[in-house]
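Hello,

Here is the structure I promised to pass on to you. Please have a look at it first, and then read my notes below.

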Amino acid sequence: MATIRRARADLGIGSMLSFQLYVLGDDLGALNLYARVPRAFGAESERVGRLFAAHAGVAMATAQQVSQLKHAIDTRDLIGQAKGILMERHKLIAEQAFALLVRASQHSNTKLTEVASYLCRSGELPTGR
């Protein structure tokens, strides 16, 4: 415990107040507040901190959701482009082109999105490893 106190003093930390950032069981991290003086945080600090942490948790969860949706849209678009290349080149229907991408993914042991990206960049399906 003395080591912790010494490290805290070396860093100039006299007080610390921590709040878990979460939404509906999803742990997003923590909000940590520090002060140089001991006992800097009181009941009002805790109340305001809990309120801020609740809003920060919602904002972070929303930002993560937006990021995941953007990634999903980008991935879908990339796979759609790759399907289009195969459909035009080999006169396939969409389902056949997708099946060809899946087979190439499995055969090369490469993620489907990486296969689609490679096809869109190079014009070729990857060969097996």
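What follows is a walk through the chain, from its overall layout to single residues.

Please keep in mind that this is a predicted model.

Let me begin with the overall layout. The chain has 4 helices and 2 strands, and from the N terminus these elements follow the order α-β-β-α-α-α. Its radius of gyration is 26 Å, whereas the globule rule gives 14 Å for 129 residues, so the chain is more spread out than a compact globule. Along the principal axes, the C-alpha atoms occupy a box of roughly 75 × 30 × 20 Å.

As for burial, 20% of the 129 residues count as buried. The accessible surface comes to about 9,500 Å², and carbon and sulfur atoms account for 57% of that. If you look at contacts between residues at least 6 apart in sequence, 38% of them join residues at least 24 apart. I also checked the charges: there are 16 positive and 11 negative ones, and the mean positions of the two groups lie 5 Å apart.

Now to the helix that I would look at with some care, H2. Helix H2 covers residues 43-90, which makes 48 residues. From its first C-alpha to its last it reaches 70 Å, close to the 70 Å expected at 1.5 Å a residue. Which residues of H2 are buried? They are Gly49, Ala53, Ala56, Gly57, Ala61, Thr75, Ile79, Ala82 and Leu86. The partners that these buried residues pack against are two strands, E1 (15-23) and E2 (26-35), and two helices, H3 (94-108) and H4 (112-122).

Thr62 is also part of H2. With a relative accessibility of 40%, Thr62 counts as partly exposed, because that class lies between the 20% limit for buried and the 50% limit for exposed. Thr62 and Glu46 are 16 residues apart along the chain, and 24 Å separates their C-alpha atoms.

Helix H1 (residues 2-11) gives another picture. Of its 10 residues, the number buried is 0, so H1 lies largely in the open.

Next, a few backbone angles that you may want to check on your screen. Just after H1, Gly12 has a positive phi of about 80°. Just after H2, Lys91 has a positive phi of about 55°. Arg39, in the loop between E2 and H2, has a phi near 55°, which is positive although the residue is not glycine. Is Arg39 buried or exposed? Its relative accessibility is 78%, so Arg39 counts as exposed.

Asn109 sits in the loop between H3 and H4. Its phi is near 55° too, again a positive value in a residue other than glycine. At 63% relative accessibility, Asn109 also counts as exposed. Asn109 and Thr127 are 18 residues apart in sequence, and their C-alpha atoms are 9.8 Å apart in space.

To sum up, I would start from H2 with its 48 residues, then turn to the strands and helices that its buried residues pack against, and finish with the loop residues Arg39 and Asn109.

Happy viewing, and do write back with any questions.

Best wishes

Key: Residues are numbered from 1 along each chain as its sequence is written. This is a predicted model: local features need pLDDT of at least 70, side-chain atom pairs count only at pLDDT 80 or more; totals for chains, interfaces and linings use all residues. Side-chain values use heavy atoms; hydrogens and water are left out. The expected span of a helix is 1.5 Å times one less than its number of residues. Buried means under 20% relative accessible area, exposed over 50%, partly exposed in between (1.4 Å probe, protein chains only). Contact means heavy atoms within 4.5 Å. The radius of gyration is taken over C-alpha atoms; the globule rule is 2.2 Å times the number of residues to the power 0.38. Accessible areas come from the Shrake-Rupley method with a 1.4 Å probe; for residues, only the protein chains shown count as cover. Lys and Arg count as positive and Asp and Glu as negative; His and the chain ends are not counted. The place of a charge is taken as NZ of Lys, CZ of Arg, CG of Asp or CD of Glu.
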